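Student: I have a model to read before I go back to the bench. Can we go through it together, one question at a time?

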Amino acid sequence: QQENHSILAGRENAWSTAFEIARLNPLLGIGSGNWKYIDLDQVKFSVESRGEIFDKDKFALGFHHPHNIYLSNLVDRGILGFITFLSFMFIWLITLINSYKKFNQDSKAMLFIMGSFSAWSTIFGIGFVNTTFHHENALLALFFLGLHLSYLRQKNQLKLFS
């Protein structure tokens, strides 16, 4: 891939496609699972509607999704869904930070906190190059988040912003 100057394995073209499709339905998106119904004419329309020249080699529809969790949320759910997704991401992170500050000397608590952090960092880190928050990955991540929140609830510390 590197010798062919394609270290992202064509993802950059899928990302370009995602940006164009997101422009067609910016507020609510195209709906979950509708990526497969996108055709090149829609992408061409989006590009040419801005007065730019369409180059089909810069776009890719051969993928089943945009290979980026952030773009996937933007395309599928629009700006409102994307903001909701980012809110979930940041609330989870704030919960992790607050938990760490409060319980960093408790080894049992750190198991739950670090398990939750590993799930958070995996989902939202790898999410830059793949859509990670679905199927087994999502179940595992939410399992670790659930363990973390359950521990906080047991300690009567389930407060998001304190």
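Student: Is His148 buried or exposed?
Tutor: This is a predicted model, where local features need pLDDT of at least 70, side-chain atom pairs count only at pLDDT 80 or more, and totals for chains, interfaces and linings use all residues. Residues are numbered from 1 along each chain as its sequence is written, and side-chain values use heavy atoms, with hydrogens and water left out. Buried means under 20% relative accessible area, exposed over 50%, partly exposed in between, with a 1.4 Å probe and protein chains only. His148 has 0% relative accessibility, so His148 counts as buried.

Student: Where is His148, and which residues is it in contact with beyond four places in sequence?
Tutor: His148 sits in helix H5. Helices here are DSSP runs of H or I, at least four residues, numbered from the N terminus. Contact means heavy atoms within 4.5 Å. Leaving aside neighbours within four places in sequence, the contacts of His148 are Thr95, Leu96, Ser99, Phe112, Ile113 and Ser116.

Student: Which residues of H4 are buried, and what covers them?
Tutor: The buried residues of H4 are Ala109, Met110, Ile113, Gly115, Ser116, Ala119, Trp120, Ile123 and Phe124. Ile113 and Ser116 are also in contact with His148. The cover over the buried residues of H4 includes H3 and H5.

Student: What distance does H4 reach from its first C-alpha to its last?
Tutor: H4 has 20 residues. The expected span is 1.5 Å times one less than the number of residues, which gives 28 Å for H4. The model is close to that, at 27 Å.

Student: At the start of H4, which backbone nitrogen does a side-chain oxygen of Asp106 reach?
Tutor: A polar contact is a pair of N or O atoms within 3.5 Å; within protein, one must be able to donate a hydrogen and the other to accept it, and residues adjacent in sequence count only if both atoms are side-chain atoms. The Asp106 oxygen comes to within 3.1 Å of its partner. That partner is the backbone nitrogen of Lys108.

Student: Why does Thr132 count as buried?
Tutor: Thr132 is in the loop between helix H4 (107-126) and helix H5 (135-154). Not counting residues up to four places away in sequence, Thr132 touches Ile69, Thr122, Ile123, Ile126, Gly127, Asn137 and Ala138. Thr132 counts as buried because its relative accessibility is 6%.

Student: What is the phi of His67?
Tutor: His67 lies in the loop between helix H2 (40-49) and H3. With a relative accessible area of 14%, His67 is buried. Although His67 is not a glycine, its phi is positive, about 60°.

Student: Which backbone oxygen lies 2.7 Å from a polar side-chain atom of Arg11?
Tutor: Arg11 lies in helix H1 (residues 11-24). Arg11 is partly exposed, at 21% relative accessible area. Leaving aside neighbours within four places in sequence, Arg11 is in contact with Phe63, His67 and Val129. The oxygen at 2.7 Å is that of Val129.

Student: Is His135 buried or exposed?
Tutor: His135 lies in helix H5. Its phi is near 50°, a positive value in a residue other than glycine. The relative accessible area of His135 is 58%, so His135 is exposed.

Terms used
Helices (H or I, at least four residues) and strands (E, at least two) are DSSP runs, numbered from the N terminus.
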